[in-house]
Amino acid sequence: MSHNTSSKQIGSATLTYDNKSATLPVLSGSIGPAVADIRKIQNELGIFTFDPSYGATASCESSITYIDGDEGILLYRGYPIEQLAEHSTFLEVAYLLLWGNLPNAGELKDFTHNVTMHTMLHEQIRRFWDGFRRDAHPMAMLCSVVGAMSAFYPDSIDIHDPRQREISAFRMIAKIPTITAWAHKYNVGQPFMYPRNDLTYADNFLFMFHAVPPEAYKPNPILSRAMDRIFILHADHEQNASTSTVRLAGSTGANPFACIAAGIASLWGPAHGGANEAVLKMLAEIGHKDHIPEFIKQVKDKNSHVKLMGFGHRVYKNYDPRAKIMQKTCYEVLEELGIKDEPMLDLAMELEKIALEDPYFVERKLYPNVDFYSGIILKAMGFPTTMFTPIFALARTVGWVSQWMEMIEDPQQRIGRPRQVYTGAPSRDYVPVDKR
Ligand code: SDX
């Protein structure tokens, strides 16, 4: 049973300007704030709306993920993230995000088979890595390799063919772990490990990342469960910056691999997916809890441009529910790995405690977000900090693909084309250089 509804008009809003008035339909979805449909405003009032970072703008109708920033609620197709993190698996969540409902056993088996059959990369793609320096940031490698995939899989880039859309979705979700693991292997000078179809999605990634040819590889169930849960927590998040990038690129008809590469590039920024790497750098720079007051002082000084990384969110004005689950997982992983005192975790906990009691952060409703604890777990699991954002990108690929498919199938879909408030020079005539 699909829960995908369309928005319905529940009222109207009147905007008056310059002795003209426009009646704007107010639309509501299934849950969450209603929206004023402003599409007629230019024709009726001759003006645009202005919302430079889209903080008050609904860019689309979507039935994939719902966030309530005030209550700290996150739902994937209506299912609370807490329940999915506890009871589900990443591939089951991937099916849910892509197709709208939880799969039955047969559907999950078929879906898992389809993903597993696409984990290998075209052998020529290996040549890409020869062009990188060994110390290239893995996100640079992800951007490049994913962006080139349409050249290797030209048989699944016709966006108007539902079957090709489905194949490119399987290819993207299946191959991103291989690409991510190989980026790390290239950084450390170890041989690439080919995917193993006898392993689960999370185990296969950990195998390709950690295994070496001379050694037999034995999956660690603690790390597998933690990895799978981290993937679930990062899978989708409504119309965040990188997802909006994927949708805008997709609205032009660009092929799916190019759109995902655009999303990877957007996620890389430290204000977005790059924050997990930045949190570890920040904790390392603070060094000891005695230095926290001085650091907080810097953060409050606007001229320092120092941010408390892993804190704050455009939508959450309460605790990011993912951060709570991540913190709990952090404890579990460290304990099960026998890591008694992780100084980074102690420092992070102290920093969180101080920040949550400090009026500067309380007044601005700044709470830990998904990135605050993820880096500590990933570090404990043996990942270098440069791999934190690629792992975020690996998991978010299913969200990007799901949102891209929803956009392509949306009958209202048109090319995205924002306007502007022009503040430059009015029309003026060219002046010859000898007259200037
Ligand atoms: C992700 O959108 C998503 O859903 C993203 C994401 C996803 O899953 O896709 O959730 C993943 O990107 C999480 C966010 C990771 N980024 C960081 O942790 C970087 C640190 N955070 C900040 O850069 C910031 O909080 C942002 C970028 C996340 C949000 O920026 P906003 O919307 O501009 O922040 P705001 O409007 O809430 O800020 C209000 C005030 C401002 O100060 P004043 O002008 O009012 O004096 O709080 C300040 C901000 O300067 N502020 C911070 C701060 N975040 C906001 N001050 C210090 N440290 C911070 N982290």
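In the hairpin of β4 and β5, four residues lie between the strands, and Gly-72 takes a positive phi near 65°. Helices and strands here are DSSP runs (H or I of at least four residues for helices, E of at least two for strands), numbered from the N terminus. The model is a predicted one, in which local features need pLDDT of at least 70 and side-chain atom pairs count only at pLDDT 80 or more, while totals for chains, interfaces and linings use all residues. Residues are numbered from 1 along each chain as its sequence is written, and side-chain values use heavy atoms, with hydrogens and water left out.

The hairpin belongs to an open sheet of three strands in the order β4-β5-β6, with antiparallel pairing. Two strands pair if DSSP finds at least two bridges between them. The edge strands are β4 (65–68) and β6 (79–80), each of which pairs on one side only. Between β4 and β5 there are four bridges, and the two strands run antiparallel. Asp-68 has Ile-73 in β5 as its bridge partner. On the other side, β5 (residues 73–76) is joined to β6 by two bridges, again antiparallel. Here Leu-75 stands opposite Pro-80 in β6.

The loop between β5 and β6 contains Arg-77. Most residues other than glycine have a negative phi. Arg-77 has a positive phi near 50°. Its relative accessible area is 14%, so Arg-77 is buried; the term means under 20% relative accessible area, with exposed over 50% and partly exposed in between (1.4 Å probe, protein chains only).

A second open sheet of three strands has the order β1-β2-β3, with antiparallel pairing. Its edges are β1 and β3 (35–36), and each has a single partner strand, so one side of each is left without a neighbour in the sheet. Nine bridges join β1 to β2, and these strands run antiparallel. One bridge partner in β2 is Ala-22, which faces Leu-15. In the loop between β1 (8–17) and β2 (20–28) lies Asp-18. Asp-18 is not a glycine, yet has a positive phi of about 55°.

The next topic is the aromatic residues. A pair of aromatic rings is described by the distance of the centres and the angle of the planes. Rings of Phe, Tyr and Trp (its six-membered ring) pair if their centres lie within 6.5 Å; planes under 30 degrees apart count as stacked, over 60 as edge-to-face and the rest as tilted. The structure holds 21 aromatic pairs. One of them joins Tyr-153 and Phe-257, whose ring centres are 6.2 Å apart with planes at 45°, so the pair is tilted. Tyr-153 is in the loop between α6 (138–148) and α7 (162–188), and Phe-257 is in helix α11 (residues 256–267), so the pair ties together parts that are 104 residues apart in sequence. Both residues, Tyr-153 and Phe-257, are buried; for Phe-257 the relative accessible area is 1%. Elsewhere, Phe-90, Tyr-201, Phe-205, Phe-209, Phe-231 and Phe-383 form one aromatic cluster.

From Phe-257 to Tyr-316 the separation is 59 residues in sequence and 30 Å in space, C-alpha to C-alpha. The side chain of Tyr-316 is joined to that of His-237 by a polar contact of 2.9 Å. Such a contact is a pair of N or O atoms within 3.5 Å; within protein, one must be able to donate a hydrogen and the other to accept it, and residues adjacent in sequence count only if both atoms are side-chain atoms. His-237 is found in the loop between α9 (221–234) and α10 (241–251). With 4% relative accessibility, His-237 counts as buried.

His-237 also leads to the ligand. In total 25 residues surround the ligand, and the closest are His-237, His-313, Arg-314, Arg-322 and Arg-396. A residue is near a molecule if one of its heavy atoms lies within 4 Å of it. The shell divides into 10 nonpolar, seven polar and eight charged residues. Ala, Val, Leu, Ile, Met, Phe, Trp, Tyr, Cys and Pro count as nonpolar, Asp, Glu, Lys and Arg as charged, and the others, Gly among them, as polar.

A nitrogen atom of the ligand lies 2.9 Å from a backbone N or O atom of Phe-311. An N or O atom in the side chain of Lys-317 is 2.8 Å from an oxygen atom of the ligand. For Arg-396, a side-chain N or O atom is likewise 2.8 Å from a ligand oxygen atom. The protein covers 76% of the 1,100 Å² of accessible area that the ligand has on its own, an area that comes from the Shrake-Rupley method with a 1.4 Å probe; for residues, only the protein chains shown count as cover.
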